[in-house]
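Work through the following exercises with the sequence and the model at hand, and attempt each task before reading its solution.

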Amino acid sequence: MSVKKIQSALISVFHKDNLEPIVQILKDKGVKIYSTGGTQKFIEEQGAEVIAVEDLTSYPSILGGRVKTLHPKVFGGILGRRDLESDKAQLQEYDIPEIDLVIVDLYPFEQTVASGASEQDIIEKIDIGGISLIRAAAKNFKDVVIVASQNQYADLEKVLQEKDGSTDLKDRKAFASHAFNVSSHYDTAIFNYFNQEEAIKGFKHSISENKTLRYGENPHQEGVFFGDLEELFDQLNGKELSYNNLVDVDAAVSLIEEFEGETAFAILKHTNACGMALGNSVKEAYQKAFAADTLSAFGGVLITNQTVDKEAAEEMHSLFFEILIAPDFSAEALEVLKGKKNRILLKKKTNLSTKKQFKSLLNGVIEQDRDLHTDSHSDLKVVTKSAPTADEEKALLFASKICKHTKSNTIVLANHGQLLASGVGQTSRVDALKQAIEKAKVFGFDLKGAVMASDAFFPFPDCVEIADQAGITAVIQPGGSIKDQDSIDYCDAHGMRMVTTGIRHFKH
């Protein structure tokens, strides 16, 4: 039958918060309850009668609690098929009671790993009995209700109240689906812990936290974010983040983290920096970043790595922008910025810790290490007869950091502490450079004495020639072309400086 009255339950949980109402309902309905250890004591404190699992199995909890519920009288009662006469006969023959409801959760394995506990403590948090109970009850969902997480307590309480202590097949299958979600996530976490050393090739990621977005990249596409945004940000104002917002926020955060220890400000549009600058204050850094492209900044994503004060807030308040991200905001700044109710304000709480990136591709998934290399003085190899000046080197490293986070093919033009222009996502490096030069002219920048960064090598000397004619005096690029010398020779002949890094920063 589809509708089944719950007459017996096995409850053995780590998390007992919000379990009281369920125990009360089961008690009121006269449900026979089996339990173990601390859960048994908790249920008895609610005034309900409990049969100890040890009394059911005639075996005590052994091996320091590793074996408590692993017994035919427990699993037979869960897995027995109520509509199969042979199963019913065997349950009767071996005096195995039917169990209609299983409430069980798992030892906190992920939390124990995250706490930095010893390996032995971590291993002891690999649940055996719990995971077995979950799988058994979920497998037999036609007859058994499985609640595998405290996140499902409220759902069970609602069903029991609305259906007078009964469930139907749809209810039981839904709970089983959630249970397998819990068990698969748990096993994935354990595999990934062990796989840190083994490096077995297998794409296994599981994220339970999720948020349904208004839509995906476009309104006709559905979108969901899987992850814990609250770990990274406190949202202080504005509407809900969209799919495109999140993509831009990811780009903005990745870029700003390159400038730790400096007062930096970036303005991004479609994941590319249209403005990026350093300053003595947030206000100054913003003004310099905004000057790089006053047109593209409209509707952009703004980010800084310093507290936004009232002066900075007032300076940027007149600009329409979607999002502002900062490690903190003064009370006065918040008062100004909250003047526009839809403006999203994010307080960034921590740096990104992920070391891998992946995305769907064709009929599979592609995964790689995040590009965590930041070009520094030690990476620079002077390949021209003259070396960059101290100011040029600072400008080159500044430009290189921006270049790393800009869509290929890209060229970045900068001086120390300010992005002047960039050419992004072009099919040729020459087009990227020409775009950057034209953009610099539009916004009134003189490129004389500026530097150029390229995300990949120059197969021909045409880019350095064009740059030289625009006033560029120094170049940073990874090198590695069989024709590197052609570009080097041009620089030497025209008084330019060039350094190579040996590290390519494509961003497709």
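**Exercise 1: a strand and its partners**

In this predicted model, strand β19 (residues 411–415) pairs with β21 in the antiparallel sense, and four bridges join them. Determine which residue stands opposite V451 of β21 on this side, and in which sense β21 pairs with strand β22 (residues 474–477).

Solution. Begin with β19, where the residue that stands opposite V451 in β21 is A414. Turn next to β22, which pairs with β21 in the parallel sense over three bridges, and in which A474 stands opposite V451. Finally, follow the chain from β21 through helix α18 (residues 462–470) to β22, a β-α-β crossover that is right-handed.

**Exercise 2: the two faces of β21**

Establish which residues of strand β21 (residues 451–454) point one way and which the other way, and whether they are buried or exposed.

Solution. The general expectation is that side chains in a regular strand alternate between the two faces of the sheet. In β21, V451 and A453 point one way, while M452 and S454 point the other way. All four of these residues are buried, that is, under 20% relative accessible area.

**Exercise 3: two helices in contact**

Describe how helix α17 (residues 429–442) and α18 are arranged, starting from their axes.

Solution. The axes come within 9 Å and cross at roughly 10°. Because angles under 35 degrees count as roughly parallel, α17 is roughly parallel to α18. At the contact, R429, V430, L433, K434 and I437 in α17 meet D462, C463, I466, A467 and A470 in α18. Sorted by class, the contact of α17 with α18 holds seven nonpolar and three charged residues, with no polar ones.

Terms used. Residues are numbered from 1 along each chain as its sequence is written. This is a predicted model: local features need pLDDT of at least 70, side-chain atom pairs count only at pLDDT 80 or more; totals for chains, interfaces and linings use all residues. Side-chain values use heavy atoms; hydrogens and water are left out. Buried means under 20% relative accessible area, exposed over 50%, partly exposed in between (1.4 Å probe, protein chains only). Two strands pair if DSSP finds at least two bridges between them. A crossover is right-handed if, with the strands pointing away from the viewer, the path from the first strand over the helix to the second runs clockwise. Axes are lines fitted to C-alpha atoms, for helices over the stretch in contact, and angles run from 0 to 180 degrees between N-to-C directions. Angles under 35 degrees count as roughly parallel, over 145 as roughly antiparallel, 65 to 115 as roughly perpendicular and the rest as oblique. Contact means heavy atoms within 4.5 Å. Ala, Val, Leu, Ile, Met, Phe, Trp, Tyr, Cys and Pro count as nonpolar, Asp, Glu, Lys and Arg as charged, and the others, Gly among them, as polar.
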